[in-house]
Each structure stands twice: as structure tokens, then as C-alpha cells.
Amino acid sequence: MFHFSDRKYLNYQVEVMSRQVEEVNDLYMRMRGWRHDYHNHLQKLKAHLAMGQIEEVRKYLNQLEGDLDGIRVKYTTGNVSLDAILNSKLSIAEKEKIRISCKAQIGENPSVGDMDLCVIIGNLIDNAVESCRKMPLDADRFLRIYLCTQKQQLYIAVTNSTRELVRKLDAEFISNKRGDHGHGMKRIDLVVEKYNGYIRRANEPGVFSTEIMLPL
């Protein structure tokens, strides 16, 4: 049973994720619309060229370029909700001078619910970015993400640089870890437990990693 603070935090996550999914859906609709109009754009440019209206061609190309500049989805996985989380959170991580490596492909309809998937990935990235922030700017701040489906399982691996070295990674550590970091870890564990999945955390000098496998 959730406490009030748990419900408040979950409601906040739902609100943020819903907004991110809406933003990515809007981008996809704009991309599809531009592709649909592609033929019309070419015909208009050809007409201007046939009439020698080079300045009109230049203006139109600049307008199209401006439209395309607003359409940028760097990470695509096949799942709109996951795309929203990755593009939103990893763009923030890049601004923090964190070196990003992300390989993710899961398709549109995995057995894992979109909300649960976003809770896992969102919290993993938040925790990783928090750890990287504690490192000096001239240090090798990195975040590696790998998601795939294999042997009827969803495999998730997140590895990041860290200054911390924790000897004991168990329920006691998670419950005593203060702030959103610890809360996020508990949320991840609850989702993994819900799907009868597997989670493994490892902390070696300079590196923290989490591996999760969820049955599909």
C-alpha cells in the first residue's frame, strides 16, 4: 500500500510522462505530415526553377529548413512512450557534459506496460545522471543504455560513471538511500517484482550498473 508521498511522486511521474509522450507524438505527426507534403514541395520548387525564380527557391528552401529544425527525435526505439523518456532525459544529460551511448529497440507493443517501462527507464536515467553530476566536469562522465528483446525477455542494462563505491547493494541500502535516488530505486524494484523479473546491481570503482530482465 502506497503512502501519501508515494502517491504524490507517482502522480508527478504520470504527469511528466504524459506530457513527454504528447510532445513526441506531436513530433511524429509533424514528420508524417512533412513526408506527405514532400511531393508538393518538390513541384513548387520545380515551378519556381522553371520560371527562373531563384530567390523564391531560396526563400522556400529556408522555410522548409526552419520547419525541419523543429523536428528532431534523436533516439527511436519503436515505442513512442520510451522515445519520449529517452529523448527528454538524455538531452538533459548531454547538456550536463555526459557522454551518451544508447542502443534500444523494443517495438511498439511489448508485454511490459508503457507506464511501467517508463518508470524503470526514467528512474534509471535520473539516478545515473545524479551520480554523474557529482563528478568533476573534466572527469569521464558517461551513461550507457542498452535495451532489447531476447529469448522472450526484455533486457535492460544501464551503466554510468560514479564517484561512489557501495559495498552492500540490498534492500537496506535502497531504503536508507535518501532523496529521489532511493525512492526511484524502490519504484524500479516494485515494477520488476510485479513482472516476476530479475534485477542485478553492481558497483565497482568508478562504475555503477543495473541489469534487468522482464519476461515477455
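# A tour of the sheet and its helices

Start at Gln152, which sits in the loop between strand 2 and strand 3. This is a predicted model. Show the backbone of Gln152: its phi is near 60°, a positive value in a residue that is not glycine. With a relative accessibility of 61%, Gln152 counts as exposed.

**The strands on either side of the loop**

Now select residues 142–150 and 153–161, which are strand 2 and strand 3. The two strands pair in the antiparallel sense, over eight bridges. For one cross-strand pair, pick Ile145, which stands opposite Val158 in strand 3. Strand 2 runs from 142 to 150, and a stop at Cys148 shows a buried residue, with a relative accessible area of 11%.

**The whole sheet**

Next, colour every strand. How many strands form the open sheet, and in what order? There are five, arranged 1-2-3-5-4, and their pairing is mixed. Strand 1 (99–104) and strand 4 (198–204) are the edge strands, each pairing on one side only. From one strand to the next, the twist averages 5°.

Move from strand 3 to strand 5, its antiparallel partner over nine bridges. Select Thr159 here; its bridge partner in strand 5 is Ser209. Going on to strand 4, you will find seven bridges joining it to strand 5, and these two strands also run antiparallel. Tyr198 stands opposite Met213 in strand 5.

Zoom in on the hairpin of strand 4 and strand 5, where two residues lie between the strands. One residue to select in this hairpin is Gly206, which takes a positive phi near 85°.

Then go to the loop between helix 7 (179–194) and strand 4, and select Asn196. Its phi is near 55°, a positive value in a residue other than glycine. Is Asn196 buried or exposed? At 67% relative accessibility, Asn196 counts as exposed.

**Helices across the sheet**

Show helix 4 (residues 80–95) and helix 5 (residues 114–133). Helix 4 lies across strand 1 and strand 2, and runs at about 165° to strand 1. Helix 5 lies across strand 2, strand 3 and strand 5 (207–215), at about 15° to strand 3.

The two helices also pack against each other, at an angle of about 10° and with their axes 9 Å apart. Helix 4 is therefore roughly parallel to helix 5. To view the contact, select residues on both sides: from helix 4, Ser81, Leu82, Ile85, Leu86, Lys89, Leu90, Ile92 and Ala93; from helix 5, Asp114, Leu117, Cys118, Ile121, Gly122, Ile125, Asp126, Val129 and Arg133. Coloured by type, the residues of this contact divide into eleven nonpolar, two polar and four charged.

Keep Cys118 selected: at 5% relative accessibility, Cys118 counts as buried. How many disulfides are there to look for? The count comes to zero.

**A last stop in helix 2**

Finally, select His48 in helix 2 (residues 38–50). His48 counts as buried, at 12% relative accessibility. Which residues is His48 in contact with, leaving aside its neighbours within four places in sequence? They are Gln53, Glu56 and Val57.

Terms used. Residues numbered from 1 in each chain as written. Predicted model: local features only at pLDDT ≥ 70, side-chain atom pairs only at ≥ 80, totals over all residues. Heavy atoms only, no water. Axes fitted to C-alpha atoms, helices over the stretch in contact; angles between N-to-C directions. Helix = DSSP H or I, 4+ residues; strand = E, 2+ residues; numbered from the N terminus. Parallel < 35°, antiparallel > 145°, perpendicular 65-115°, else oblique. Contact = heavy atoms within 4.5 Å. Nonpolar A, V, L, I, M, F, W, Y, C, P; charged D, E, K, R; others polar. Pairing = 2+ DSSP bridges. Disulfide = S-S within 2.5 Å. Buried < 20%, exposed > 50% of the residue type's maximum accessible area, 1.4 Å probe, protein only.
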